[in-house]
Amino acid sequence: MFGNQGALWGNAMTWWDHDTGTVWSQPLGEAIVGPRKGARLELIPVQLSSWATWREAHPETFALDAPAHESGFRLASMAIVVDFGKEVGVYPVGDLRDTGPANDIIAGVQIAVVLDPDTVDAWSVFSPVAGGLSLTLVDRDGVLADVETGTLWDVQSGLGLEGPLAGEVLSKLPSFTSFLSDARTFWPDARYWGE
């Protein structure tokens, strides 16, 4: 079980592992002090969005309604990080807003980093492989499409909506957000999209 350790490391939160007394780096998902030092947590695919964006896409969702202050975090000032251990890719959101989806290869894995053009706060990282084809995802007038077949894709779920691959689903890949300045601290050797 984890809790907030209370100290910053590299200007980012650290976690305390109550079972072993190990301290973990939140952005790296790696044990930095204690008996598990050097161990890494398994990353899983996630989706970050505002409650309004999530609720629109998933109206059946129930959630605890707890009072909170609005977060100062804005996706536009962040980067999306894809960390496969051997290689890390960092994708500044501002650049993706200008260029559209990032089609890339990290540690030998084909990826596509996409922003939802309908909102300022939703993104996904997919394995752009469907129907036995490696796809190149592009923004076609505000709609996610692939170059190879012209299929239209849902930005949040990866579901093929219209076209030859309709009904296919692009797999989500593990990724997360970081402030760009913090990304340069934690992953100085990463590949930075657009550089």
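**Strands, rings and buried residues**

Me: Which residue in β3 stands opposite Thr 14?

Reply: Strands are DSSP runs of E with at least two residues, helices are runs of H or I with at least four residues, and both are numbered from the N terminus. Two strands pair if DSSP finds at least two bridges between them; β2 (residues 12-17) and β3 (residues 23-25) are joined in the antiparallel sense by 3 bridges. Opposite Thr 14, in β3, stands Ser 25.

Me: What kind of model is this?

Reply: Residues are numbered from 1 along each chain as its sequence is written, and side-chain values use heavy atoms, with hydrogens and water left out. Local features need pLDDT of at least 70, side-chain atom pairs count only at pLDDT 80 or more, totals for chains, interfaces and linings use all residues, and the model is predicted.

Me: Which strands stand at the edges of the open sheet of β1 to β4?

Reply: The sheet has 4 strands in the order β1-β2-β3-β4, paired antiparallel. An edge strand here has a single partner, so one side of it is left without a neighbour in the sheet. That applies to β1 (2-9) and β4 (30-33).

Me: By what angle are neighbouring strands of this sheet turned against each other on average?

Reply: Strand axes are lines fitted to C-alpha atoms (for helices, over the stretch in contact), and angles between N-to-C directions run from 0 to 180 degrees. For this sheet direction is ignored, and the average turn between neighbouring strands is 40°.

Me: How many residues of strand β9 are buried?

Reply: Buried means under 20% relative accessible area, exposed means over 50%, and partly exposed lies in between (1.4 Å probe, protein chains only). Trp 123, Val 125 and Ser 127 point one way from β9, Ser 124 and Phe 126 point the other way, and all are buried. The strand covers residues 123-127 and is therefore largely enclosed by the rest of the structure, with a buried count of 5 of the 5.

Me: In β16, which residue is the bridge partner of Ser 127?

Reply: Strand β9 pairs with β8 (residues 109-115) in the antiparallel sense over 4 bridges, and in that pairing Val 113 stands opposite Val 125. Strand β9 is also joined to β16 (residues 171-172), again antiparallel, by 2 bridges. The bridge partner of Ser 127 in β16 is Ser 171.

Me: Which parts of the chain does the pair of Tyr 91 and Trp 193 tie together, and how many residues apart are they in sequence?

Reply: Rings of Phe, Tyr and Trp (its six-membered ring) pair if their centres lie within 6.5 Å; planes under 30 degrees apart count as stacked, over 60 as edge-to-face and the rest as tilted. The structure holds 3 aromatic pairs, among them the tilted pair of Tyr 91 and Trp 193, at 5.8 Å centre to centre with 40° between the planes. Tyr 91 lies in β6 (residues 88-92) and Trp 193 in the segment after β18 (191-192), so the parts tied together are separated in sequence by 102 residues.

Me: Is Trp 193 buried or partly exposed?

Reply: Its partner Tyr 91 is buried, with a relative accessible area of 0%. Trp 193 has a relative accessibility of 22% and therefore counts as partly exposed.

Me: What is the angle between the ring planes of Phe 186 and Trp 187?

Reply: The ring centres of Phe 186 and Trp 187 are 5.9 Å apart, and the pair is tilted because the planes are at 55°. Phe 186 is buried at 10% relative accessible area, and Trp 187 is buried at 5%. Both belong to one aromatic cluster with Phe 176, and the angle between the planes of the pair is 55°.

Me: Which residues does Met 78 touch, and how far is it from Phe 179, C-alpha to C-alpha?

Reply: Met 78 is in strand β5 (residues 78-83) and is buried, with a relative accessible area of 10%. Contact means heavy atoms within 4.5 Å; not counting residues up to four places away in sequence, Met 78 touches Pro 92, Val 93, Thr 177, Ser 178 and Phe 179. Met 78 and Phe 179 are 101 residues apart in sequence, and their C-alpha distance is 4.4 Å.

Me: What is the relative accessible area of Thr 151?

Reply: Thr 151 is in the loop between β13 (143-146) and β14 (152-153). Leaving out residues up to four places away in sequence, Thr 151 touches residues including Leu 144, Asp 146, Glu 162 and Leu 165. Thr 151 is buried, with a relative accessible area of 0%.
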